[in-house]
2 protein chains.
Amino acid sequence: MTNMKTVSAERHIYAFAPDMAPAGAIMCGELVRFEAHDALGGQIRSESDVLAGLDFNRVNPATGPLEIKGARRGDTLVVSVKELELADRGVTVTGPGLGVLPGLLGEHVTRILPVRSEGVRFNDIWLPYRPMIGVIGVAPEKDGYPTGTAHRHGGNMDTKEIGIGSILYLPVFQDGAMLAMGDVHAVMGDGEVCVSACEVAAKITVAVDRIPGRCREWPIVETSSSWHILVSLPTIEEALAEATHQAVRILEEALELATEDAYMLTSLAVDLGISQLVDPNKTAKASIPKTILPSAF
Amino acid sequence: MTNMKTVSAERHIYAFAPDMAPAGAIMCGELVRFEAHDALGGQIRSESDVLAGLDFNRVNPATGPLEIKGARRGDTLVVSVKELELADRGVTVTGPGLGVLPGLLGEHVTRILPVRSEGVRFNDIWLPYRPMIGVIGVAPEKDGYPTGTAHRHGGNMDTKEIGIGSILYLPVFQDGAMLAMGDVHAVMGDGEVCVSACEVAAKITVAVDRIPGRCREWPIVETSSSWHILVSLPTIEEALAEATHQAVRILEEALELATEDAYMLTSLAVDLGISQLVDPNKTAKASIPKTILPSAF
């Protein structure tokens, strides 16, 4: 596509802050391409480069931020993921003290994985190619958050459902929204248990729009089947409870249900799940089927 | 089917104990029908019967136990779910102090839901009919467990995947296994957040067999796509970590991988999930796709 605006990978942030200066601007309704380094900042050149040896000031870059002209505090930013073009080589890293099983390993290890649209190869095992965006967010309300942390503004949510064809709804806390993204994965299991997925550089094409004067408290991703409410808090227990609470509140409001009915309906029809367990805030999802909730907005 | 053995709902237990006396016996390879009360012991007759008013000594009955002749300590019991015939009326209950949001409600509430094979009706919303077995287990190794609690022997795992066509693999701790089950749900969301699902009386038909001299540490349910390892521990964080550990160990052994490779492969390809968050032990699942693991045994 000609004339599409592009944000270069060289324009990136390491924290989502309330007062970020924009790397560029688009109008609502426009398509835009974000070029993104991998989550390790492209520092892994061979399998002898391990996480412990990296410059941590260059980990988790997010390309942007892009000012969305017309987006106002209190709106919802609507980000439709149109295309993900991945580099042909991903990396997975882990080591002692990392992930869900911090005591499992004695040494750091890196694997370089061939990435093809037919699949991702790990040793001699072919895994499905399921590209997704790990970090995506906007300027937060008050405090700043490192790009490795997720909260109400989005950030490092590491949610498989944020892939091609899905639509991410983010609350807008600052005029212009200030959208940034990166940390693309070629494949990831729910949990991202060893601390990384198949980390890959990518070009991300999104269309950006807004819902004026209306927003939810947490990011929501819409897929063909469901609305997935994404909640990121210090423990997975807190995140699961708050995701449940949000599902109850949305069903209560959207379907005009009594609180007890919304609670029971959530118990019967909403699936709680895990996005990731390894970042400073853990991310839970509450997935409401579209069959019972045609729209979350 | 004629001549199929049946275990009457009147033969039930409220705890899985190491030394249970059998209510009957079958041979390995036989089909058997378990008739089960609902999880509330059939005490709810109208919506004015609420959980707080029930006789708690009659909650969570599990029909059985059935001795499986030939099953020996150290085997795996293989329980294939062939048929679930549900009553046409389910109940959902919740109230103050219950579920993931114990502070949400001020009063107890009960709903009676029409159950049809076309769907389950909640108010004027039709939910999909997805019958599943909430409580299923065998005699544990040492301690007894109330039927409302899940652990290595199975029990109240409240896992949606234990439905028609799936196969549950349970470690056998006592000769004869002593299989019992109940707590059938017509539909449930992952989490079972309000403390109950659509609780319904049912007839459960299973085929029972064994894998001699070989068992896993926790129950595993096989569906058409995946092996789901089911771990139940006091907190969901512990359950998720142990489920991750089991996935790593199984991949390590079955695919002859180095530990670090099994950890990375789990991060890339295994989905952590939630079965339930509301029983005394919480149940997590680690789902390994059959595309990478043809057999967990």
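This tour moves through a predicted model, from a sheet in chain A to the contact between chains A and B and then to some backbone details.

**The sheet in chain A**

Begin by selecting strands β8, β9, β10 and β11 of chain A. These four strands form an open sheet in that order, with antiparallel pairing. At its edges lie β8 (89–94) and β11 (125–127) of chain A, each of which pairs on one side only. From one strand to the next, the twist averages 30 degrees.

Next, restrict the selection to β8(A) and β9(A), the latter covering residues 109–116; six bridges link this antiparallel pair. To see one position in the pairing, display A:V91, whose bridge partner in β9(A) is A:I112.

Now add helix α2 of chain B, residues 259–269. This helix packs on the sheet of chain A, where it touches β8, β9, β10 (119–122) and β11. The direction of α2(B) makes about 45 degrees with that of β9(A).

**The contact between the chains**

Show both chains and select the residues of each that are in contact with the other. The selection should hold 57 residues of chain A and 57 residues of chain B. About 4500 Å² is buried between the two chains, and carbon and sulfur atoms give 72% of that area. Which three residues of chain A supply more of the area it buries against chain B than any other three? They are A:Y263, A:M264 and A:L268, with 18%.

For the polar side of this contact, display the side chains of B:K160 and A:D271, which meet in a salt bridge at 2.6 Å, N to O. Four salt bridges are counted between chain A and chain B, and 28 residue pairs are in polar contact, both residues having pLDDT 80 or more.

Colouring chain A by element shows where its side of the contact comes from. Elements that each supply at least two residues include β8, β9, β11, α1 (236–254), α2 (259–269) and β21 (271–276). The largest share, 10 residues, comes from α2(A). Coloured by class instead, this side of chain A has 34 nonpolar, 14 polar and nine charged residues.

**Backbone details**

Select A:G64 and A:P65: the peptide bond from the former to the latter is cis, with omega near 0 degrees. A:P65 belongs to strand β6 (residues 62–69) of chain A. In chain B, B:G64 and B:P65 are likewise joined by a cis peptide bond, with omega about 0 degrees, and B:P65 is found in β6 (residues 62–69) of that chain.

Finish at A:E256, in the loop between α1 and α2 of chain A. Its phi is near 50 degrees, a positive value in a residue other than glycine. Most residues other than glycine have a negative phi, and most peptide bonds are trans.

How values were computed: Residues numbered from 1 in each chain as written. Chains lettered and ligands numbered in written order. Predicted model: local features only at pLDDT ≥ 70, side-chain atom pairs only at ≥ 80, totals over all residues. Heavy atoms only, no water. Pairing = 2+ DSSP bridges. Axes fitted to C-alpha atoms, helices over the stretch in contact; angles between N-to-C directions. Contact = heavy atoms within 4.5 Å. Buried area = accessible area lost by both parts, 1.4 Å probe. Polar contact = N/O pair within 3.5 Å; in protein donor to acceptor, adjacent residues only side chain to side chain. Nonpolar A, V, L, I, M, F, W, Y, C, P; charged D, E, K, R; others polar.
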